[in-house]
Amino acid sequence: MSSLSSGPVCPVPRGQHDCVQLGHGSGGKMSAQLLREHFLPRFANVWLDRLGDGAVIPVEGGEIAFSTDTFVVSPLEFPGGNIGHLAIHGTLNDLAMMGATPRYLSVGFVLEEGLPFDLLDRVLDAMAQAAAAAGVSVVTGDTKVVDRGKADGMFVNTTGVGFLHDGFRPDPRGALPGDAVLVSGPLGRHGMAVMAVREGFAFESEIVSDTTDLSPLVASLREGLGSRVHALRDATRGGVASALNEIAAASGVGVELDEAAIPVPGAVQAACEMLGFDPLYVANEGVLVAFVPADAAPRALELLKGHAAGSGAAVVGGVVADHPGMVVLRTGLGGSRVVDMLPGDQLPRIC
Amino acid sequence: MKYLAEYRDPKLARALVERIRRTATRRWTLMEVCGGQTHTIVKQGINDVLSDQVEMIHGPGCPVCVTPLEQIDRALHLASRPDVIFTSFGDMLRVPGSACDLLQVKARGGDVRAVYSPLDALELARRSPDKEVVFFAVGFETTAPANAMAVWRARELGVRNFSVLVSHVTVPPAMVAILEAPDNRVQGFLAAGHVCTVMGWTEYEPLAERYRVPIVVTGFEPMDILEGIWMAVRQLEDGRHEVENQYVRSVRREGNAAAQDLMGRVFQVVDRGWRGIGVIPASGLGLRPEFAEYDAELRFALGSIRADEPAECRAGDVLRGRIKPFECAAFGTSCTPESPLGAPMVSSEGACAAYHNFARAGRAAAPGA
């Protein structure tokens with residue numbers, strides 16, 4: 001047997017990327033690196049540099065919230081919704097997390113040659129219904145068509161503006177030691193619903209995407225707790241783990257999670273077991289994390305549970321001054337571990 | 001979840017922890033062989049709560065970790081060919097080769113696909129007659145039967161555009177390599193439950209006898225691991241060195257005869273390189289000569305692709321239990337999950353990644369650690 005020398009410090013790190021990889025879109029560390037190295041240096045300004053779900057920008061007579069998001073999903077339709085639901089809900093939710101009430105949307109489409117009209121119509125119906133239900137208007141849009149094979153059916157962009165409310169500015173930098181951490185519902189449903197369809201898995205009970213408009217939940221929090229809501233984030237790609245890491249880093253605080261308190265549906269847990277995934281990192285499209293002072297947590301829970309989308313809400317942990325920027329999970333055994341950002345996408349395990 | 005929650009019950013687990021604490025009169029050094037066990041240990045903080053009773057050394061049982069650089073480079077070469085669809089288990093895709101990894105090859109235009117079963121790869125070959133479909137057949141005795149089945153079925157069905165790049169390894173020779181090392185510290189083993197589901201445990205009996213070490217066939221849930229540790233500690237305290245079976249709900253002494261039979265028909269024992277360790281004699285499986293037409297190494301003449309392991313990476317010392325991952329100077333600095341030097345940092349089951357992802361709290365003096 002050969003023996004390795006216990007050499008000096010490893011020299012130049014490998015794994016540098018000379019082109020874009022799928023992992024750059026995972027919402028994990030590679031996504032952050034993509035922004036940091038390629039986008040932010042070129043566009044730096046006070047609004048962008050906050051890296052919120054959108055920007056609060058000055059207009060005459062006040063400020064508005066402004067956010068954009070682009071949607072790609074395969075398959076375009078999945079249990080619980082389609083890309084149209086995601087495209088409307090996603091931007092509504094980004095605006096809501098900034099404390100805004102969404103008002104106007106733009107929609108942009110890249111359509112692939114050959115896309116069936118009945119599929120397109122189902123997506124557009126979903127968008128129209130989701131916008132109407134939220135009381136927002138789609139006021140402008142754009143369509144482009146590309147050659148067959150140049151797009152995955154369709155890509156959708158939505159951009160939205162929302163109106164802000166005095167005294168209510170949840171901010172990713174606003175979490176404070178002593179805050180409680182809440183999630184508005186069970187984790188992992190969207191990601192595993194799409195995965196199950198894409199990979200042809202059949203589970204005992206179908207997993208349904210949680211795609212939904214979270215702005216009514218935020219409106220209730222605003223009306224009930226106002227400025228006591230310190231931070232909000234919708235836990236989309238990268239899951240709750242990534243959302244909490246972002247807030248912990250932005251606020252310079254530590255987050256402690258109680259594993260036993262984290263709501264994960266049985267079917268999601270089973271699917272994750274099979275693939276070796278961690279539900280904390282699986283995408284949601286209808287779950288927010290909220291930071292409120294511990295004494296306001298029971299009220300926040302009550303407010304969230306007043307909505308169907310918040311009926312599974314739970315207090316899952318708290319904020320500490322220790323280990324700033326780090327999310328630590330306490331296991332049922334009494335041990336603890338760090339819940340870090342993932343580098344790229346979760347990879348199915350071999351056994 | 002039904003039949004799973006029972007093996008994760010915190011109350012029962014804490015009772016077992018207490019039992020181990022009462023049983024151990026000194027600190028023992030155990031090795032869990034399988035990467036899946038490593039994951040549970042670190043994820044649940046078992047090494048934390050039992051740090052006065054046992055030191056857990058993480059063994060070489062992560063198939064992703066031990067696949068040698070040379071085989072990765074051969075995979076990268078194949079995946080880059082325009083006539084090839086290269087298929088693999090998901091976590092092999094980010095294992096660094098000499099120059100890049102399979103995900104990077106994919107980003108540059110290679111047709112690389114993650115599959116969940118080698119039979120999916122075979123089906124892909126049937127649907128893609130104008131392409132060569134290659135499956136990266138890695139893993140221990142656990143994955144070998146299904147991989148053997150894919151080759152067997154390919155021959156039965158007369159599929160000509162399917163082949164496998166084999167890098168199978170087997171557990172007992174690795175355990176011998178560890179036990180024979182002059183600086184070996186391992187006093188007892190938790191054997192890999194799923195490997196034993198296939199192979200049984202008769203081949204471990206001479207090892208326990210010759211090296212006078214307890215070997216406990218152990219499952220993967222927290223209760224399994226804790227019970228396995230308790231059984232090993234009890235043996236050590238009693239001065240016994242036997243093979244015991246903790247994983248009774250899955251493992252029989254003789255294993256799965258049908259799976260073993262199929263493996264024997266398709267594979268033969270070969271010398272195999274282990275990443276960071278080197279070649280261990282008779283430690284792997286390769287295709288039998290009668291299945292040569294399904295051997296990607298022969299079909300694509302890959303023999304000329306050679307690679308040496310990077311000397312700066314201490315993966316070998318980690319895999320052999322000589323150092324903990326964080327004792328490597330590169331750990332967490334120039335070697336991270338985003339930019340891994342060695343395979344144990346790549347897989348979610350790899351010892352270095354497990355430490356990086358889950359155990360940072362302990363060293364950052366986080367509460368509860």
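## Backbone, burial and packing in a predicted model

B:Arg212 sits in the loop between helix 11 (205-211) and strand 8 (215-218) of chain B. Helices here are DSSP runs of H or I with at least four residues, strands are runs of E with at least two, and both are numbered from the N terminus. This is a predicted model, in which local features need pLDDT of at least 70, side-chain atom pairs count only at pLDDT 80 or more, and totals for chains, interfaces and linings use all residues. Residues are numbered from 1 along each chain as its sequence is written, while chains are lettered from A and ligands numbered from 1 in the order in which they are written.

**Backbone exceptions**

Most residues other than glycine have a negative phi, and most peptide bonds are trans. B:Arg212 is not a glycine, and its phi is positive, near 55 degrees. B:Arg212 counts as exposed because 12 other C-beta atoms lie within 10 Å. The burial scale uses C-beta atoms placed from the backbone: a residue is buried with 20 or more others within 10 Å of its own, exposed with 12 or fewer, and partly exposed in between.

A:His323 is also a residue other than glycine with a positive phi, about 30 degrees. It lies in the loop between strand 12 (314-320) and strand 13 (327-330) of chain A. A:His323 has 21 C-beta neighbours inside 10 Å, so it counts as buried.

Two glycines with positive phi follow helices. A:Gly200 comes just after helix 4 of chain A, and A:Gly276 follows helix 7 of chain A.

| Residue | Phi | Place |
|---|---|---|
| A:Gly200 | about 70 degrees | just after helix 4 of chain A |
| A:Gly276 | near 75 degrees | after helix 7 of chain A |

The peptide bond between A:Ser74 and A:Pro75 is cis, with omega about 5 degrees. A:Pro75 belongs to the loop between strand 2 (62-71) and strand 3 (77-78) of chain A.

**Helices 4 and 7 of chain A**

Eight of the 11 residues of helix 4 of chain A are buried, so the rest of the structure largely encloses it. Among them are A:Met192, A:Val194 and A:Met195. These buried residues of helix 4 of chain A pack against strand 3 and helix 7 of chain A. Contact means that the C-beta atoms of two residues, placed from the backbone, lie within 7 Å.

Helix 7 (residues 266-275) of chain A has A:Ala267, A:Val268, A:Ala271 and A:Cys272 buried. Down the axis of helix 7 of chain A, they fall within an arc of 135 degrees, so they line one face of the helix. The arc is that of the directions from the helix axis to the C-beta atoms. Helix 4 (189-199) of chain A is included in what covers the buried residues of helix 7 of chain A.

**Helices 5 and 8 of chain A**

Two packed helices are described by the angle between their axes and the distance between the axes. Helix 5 (residues 215-225) and helix 8 (residues 297-305) of chain A pack at about 140 degrees, with axes 9 Å apart. Axes are lines fitted to C-alpha atoms, for helices over the stretch in contact, and angles run from 0 to 180 degrees between N-to-C directions. Helix 5 of chain A contributes A:Leu217, A:Ser220, A:Leu221, A:Gly224 and A:Leu225 to the contact, and helix 8 of chain A contributes A:Arg299, A:Ala300, A:Leu303 and A:Leu304. By class, this contact of helix 5 with helix 8 of chain A has six nonpolar, two polar and one charged residues. Ala, Val, Leu, Ile, Met, Phe, Trp, Tyr, Cys and Pro count as nonpolar, Asp, Glu, Lys and Arg as charged, and the others, Gly among them, as polar.

**Domains of chain A**

Chain A is assigned domain 1 (52-163) and domain 2 (179-338). The bounds come from an automatic or database domain assignment. The C-alpha centres of domain 1 and domain 2 of chain A are 23 Å apart. Their contact takes 23 residues from domain 1 of chain A and 22 residues from domain 2 of chain A. Helix 2 of chain A gives the most to the domain 1 side, with nine residues. That side of domain 1 of chain A has 12 nonpolar, nine polar and two charged residues.

A:Asn93 is in helix 2 of chain A. With 31 C-beta neighbours inside 10 Å, A:Asn93 is buried. Beyond its neighbours within four places in sequence, A:Asn93 contacts A:Asp213, A:Leu214 and A:Asp234.
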